[in-house]
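Student: I have a two-chain model open and want to read it properly. Can we go through it step by step?

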Amino acid sequence: MDDSTAIQKCRAGETEAFSHLVRRYQSEAIGHALTILGNLEDALDAVQDAFLDAYQAVGKFDVSRRFYPWLYTILRNRCFEMLASRRKQAAAGAEVVEILARTAKDSCGVAENVVDRALRELAAEDRELLTLKHLDGLSYDELAERLGIPAGTVMSRLYYARKRFREKVLMVQETLDSWEKNDE
Amino acid sequence: MNKEYCERIRISAMASRDGESPPLSEQEVSKHLESCADCRLEIDQQRQAMALLDGRSRRVFAQDVWPEIATAMEATKARPKQPASVAPFVVLCLFLLTHKIIEVLPSVTAGVMIKLAPVAVLVLFFSLLKQNPFHINENLKLQGDIK
């Protein structure tokens, strides 16, 4: 069943059709929510809430558009709301989960865990932007659509996010090196 | 060198590397880079940092959230609907208003019974409507959250 058929059926009241959309996009959505929120438990909650919001608003969805970018907008609103309330409630003690998939590759002599940790050290907005660009391969126009900002803003935000990422990589690397020295 | 101009050069170099249209032409960028060592260094460092993310992919999650979503959808359906008519509430308002007027009349001596009458009527009213006045309607909250 393709997305537009599933959406038409949802509008006709067939809730089972919505399961096709959930199962098609849940993995992607969890990955995106995790990138913003930093822990799996909150990411799963945000994804569930976003799908429920999407189901309730499915009547307003423009079927000429793709489903996932629309869902992503709902999801990121949920994630940033959750992040804001978490900041108010002080730091959450949830388990930290890696964002990147494990590969055999060791990029330019920098260990995989350093890259993942540097990403997690960034602000949620920077992390979201960098991963959408590098892991999902979105163009500037697609980033602008997803984030609801002009393409020119994407360009400058991406530049500064990359700069901060580079600083975080150096910082994490230095921290790990100093721990290793202390262990010796 | 002008700091702002250097940043525009660096942003343009980054956009070209990403295969996007840069704000400044490639010739302008190349010309500037010939004479600006700071920009050359910055662009090179950024290239190295980006190489750390190139070719990476997201971790894949196998969790199935559909059972929880289906349960929540069923619960939403099973929830009693809002009363379609406002008539019972108008009647209630009229009663409370009349009661207040009677209560403040100097000729009426307000006893305990007359003070408790509104509470009794309210309990009876919501019992008949099968509504909990203290229940938070999450549906309204969810709809309001979607921009």
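Student: In chain A, what percentage of the contacts with a separation of 6 or more is accounted for by residues 24 or more positions apart?
Tutor: Keep in mind that this is a predicted model. Take the contacts in chain A with a separation of 6 or more, then pick out those between residues 24 or more positions apart. That share is 62%.

Student: What is that percentage for chain B?
Tutor: The count again starts from contacts with a separation of 6 or more, now in chain B. Residues 24 or more positions apart account for 40%.

Student: How many helices and strands does chain A have?
Tutor: From the N terminus on, the elements of chain A run α-α-α-α-α-α-α-α. Chain A thus contains 8 helices and 0 strands.

Student: And how many helices and strands are there in chain B?
Tutor: Along its sequence, chain B reads α-α-α-α-α-α-α. The tally is 7 helices and 0 strands.

Student: What percentage of the residues of chain B count as buried?
Tutor: Start with chain A: of its 184 residues, 35% count as buried. Chain B has 147 residues. Of these, the buried share is 10%.

Student: Which domains is chain A divided into?
Tutor: One part covers 1-97 and the other 99-184. They are domain 1 and domain 2 of chain A.

Student: Which helices each supply at least two residues of the side of domain 1 of chain A that touches domain 2 of chain A?
Tutor: Here 8 residues of domain 1 of chain A meet 8 residues of domain 2 of chain A. By class, the domain 1 side has 6 nonpolar, 2 polar and no charged residues. The helices of chain A that each give at least two residues to that side are helix 2 (15-37) and helix 4 (67-88).

Student: Which element gives the largest share of the largest nonpolar core?
Tutor: The largest nonpolar core has 54 residues, and A:Ala33, A:Val47, A:Ala50 and A:Leu75 touch the most other members. Nonpolar side chains tend to be buried together in soluble globular proteins. The largest share of this core is 10 residues, and the element that gives it is helix 2 of chain A.

Student: Which residues is A:Ala50 in contact with, leaving aside its neighbours within four places in sequence?
Tutor: A:Ala50 is one of the buried residues of helix 3 of chain A. That helix has 17 residues and reaches 24 Å from its first C-alpha to its last, close to the 24 Å expected. Beyond its neighbours within four places, A:Ala50 contacts A:Ala29, A:Leu71, A:Ile74, A:Leu75 and A:Arg78.

Student: Which element of chain B gives the largest share of the side that touches chain A?
Tutor: The contact takes 34 residues from chain B and 40 residues from chain A. Elements of chain B giving two or more residues are helix 1 (3-17), helix 3 (37-51), helix 4 (66-78) and helix 7 (138-145). By class, the chain B side has 17 nonpolar, 7 polar and 10 charged residues. Its largest share, 6 residues, comes from helix 3 of chain B.

Student: Over which residues of chain B is the pLDDT below 50?
Tutor: The mean pLDDT of chain B is 81, and 84% of its residues reach 70 or more. The stretch below 50 has 11 contacts in the model beyond near neighbours in sequence. It covers residues 139-147 of chain B.

Student: What ipTM does the model score?
Tutor: Two scores are given for the model. The pTM is 0.72, and the ipTM is 0.79.

Methods: Residues are numbered from 1 along each chain as its sequence is written. Chains are lettered from A and ligands numbered from 1 in the order in which they are written. This is a predicted model: local features need pLDDT of at least 70, side-chain atom pairs count only at pLDDT 80 or more; totals for chains, interfaces and linings use all residues. Two residues are in contact if their C-beta atoms, placed from the backbone, lie within 7 Å. Helices (H or I, at least four residues) and strands (E, at least two) are DSSP runs, numbered from the N terminus. Ala, Val, Leu, Ile, Met, Phe, Trp, Tyr, Cys and Pro count as nonpolar, Asp, Glu, Lys and Arg as charged, and the others, Gly among them, as polar. A residue is buried if 20 or more other C-beta atoms lie within 10 Å of its own, exposed if 12 or fewer, and partly exposed in between; C-beta atoms are placed from the backbone. The expected span of a helix is 1.5 Å times one less than its number of residues. pLDDT is the predictor's confidence in each residue, from 0 to 100. Domain bounds come from an automatic or database domain assignment. A nonpolar core is a set of buried Ala, Val, Leu, Ile, Met, Phe, Trp, Tyr and Cys residues joined through C-beta atoms within 7 Å.
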